[in-house]
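Subject: Structure handover

Hello,

I am passing on the structure we talked about, with notes on what turned up in it. Please have it open while you read.

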Amino acid sequence: MIVNYKLLHTDIIKKLNSLKLSQRSGAKQMGVSRSTINRIYNAKPLLLETYLLITDWLHKDLEKYIIRHKRASYIQKRLDEASKISDDYILHKWVKNKKN
């Protein structure tokens with residue numbers, strides 16, 4: 001998962017300003033530490049649980065901050081093809097063993 005940390009941080013700061021909250025108070029409301037906001041500013045990876053807490057506090061869709069990689073659909077297609085080949089091979093082996 002690739003997160004748009006700049007947009008996420010901007011939305012956090014906008015909401016904090018609209019509520020007239022400090023980063024420490026806002027972090028407490030989110031259920032995260034103040035250093036988490038700093039990590040977002042510095043584009044450091046987040047735990048999924050932390051990401052969910054923050055997007056819930058922002059009342060934003062989970063996918064708003066996800067960057068879609070241009071190759072993601074290509075990679076998924078290749079994974080699906082590899083899975084099908086593997087499934088076909090397993091089925092072939094199973095049928096062959098049943099015949100013996």
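The notes below go from the whole chain to single helices and residues.

Please keep in mind that this is a predicted model.

Overall make-up

The chain holds five helices and zero strands, so the order along the sequence reads α-α-α-α-α. Of its 100 residues, 24% are buried. The accessible surface is about 7800 Å², and carbon and sulfur atoms account for 55% of that surface. Among contacts with a separation of 6 or more, 59% join residues that are 24 or more positions apart.

Helix α2

Which residues of α2 are buried? They are G26, A27 and M30. Around the axis they span an arc of only 100°, and therefore sit on the same side of α2. As background, an α-helix has 3.6 residues a turn, so residues three or four places apart point the same way. R24 and K28, on the other side of α2, are exposed. The cover over the buried residues of α2 includes α1, α3 and α4. After α2 comes G31, which has a positive phi near 90°.

Q23 also belongs to α2. With a relative accessibility of 25%, Q23 counts as partly exposed, because buried would require a value under 20%. Setting aside neighbours within four places in sequence, Q23 is in contact with I13, L16, R34 and I37. For one of these, I37, there is also a backbone distance: the C-alpha atoms of Q23 and I37 are separated by 7.5 Å, while the two residues are 14 residues apart along the chain.

Packing of α1 and α3

How do α1 and α3 lie relative to each other? Their axes are 8 Å apart and make an angle of about 135°. The pair is therefore oblique, because the angle is not over 145, where roughly antiparallel would begin. By class, the contact of α1 with α3 has six nonpolar residues, one polar residue and no charged residues. On the α1 side the residues are Y5, L8, H9 and I12; they meet I37, I40 and Y41 in α3. I37 thus appears in two places in these notes, in the contact with α1 and among the contacts of Q23.

Positive phi outside glycine

Most residues other than glycine have a negative phi, and most peptide bonds are trans. Two residues are worth listing against that background.

- K20 is not a glycine, yet its phi is positive, at about 55°. K20 is placed in the loop between α1 (5-19) and α2 (23-30). With a relative accessible area of 75%, K20 is exposed.
- A43 is not a glycine either, and its phi is also positive, at about 55°. A43 is in the loop between α3 (34-41) and α4 (48-58). Its relative accessible area of 45% makes A43 partly exposed, because exposed requires a value over 50%.

Where does each of the two sit? K20 is in the loop between α1 and α2, and A43 is in the loop between α3 and α4.

That is the full set of notes for this handover.

Regards

Terms used. Residues numbered from 1 in each chain as written. Predicted model: local features only at pLDDT ≥ 70, side-chain atom pairs only at ≥ 80, totals over all residues. Heavy atoms only, no water. Helix = DSSP H or I, 4+ residues; strand = E, 2+ residues; numbered from the N terminus. Buried < 20%, exposed > 50% of the residue type's maximum accessible area, 1.4 Å probe, protein only. Contact = heavy atoms within 4.5 Å. Areas by Shrake-Rupley, 256 points an atom, 1.4 Å probe, with all protein chains shown as cover. Arc of directions from axis to C-beta. Axes fitted to C-alpha atoms, helices over the stretch in contact; angles between N-to-C directions. Parallel < 35°, antiparallel > 145°, perpendicular 65-115°, else oblique. Nonpolar A, V, L, I, M, F, W, Y, C, P; charged D, E, K, R; others polar.
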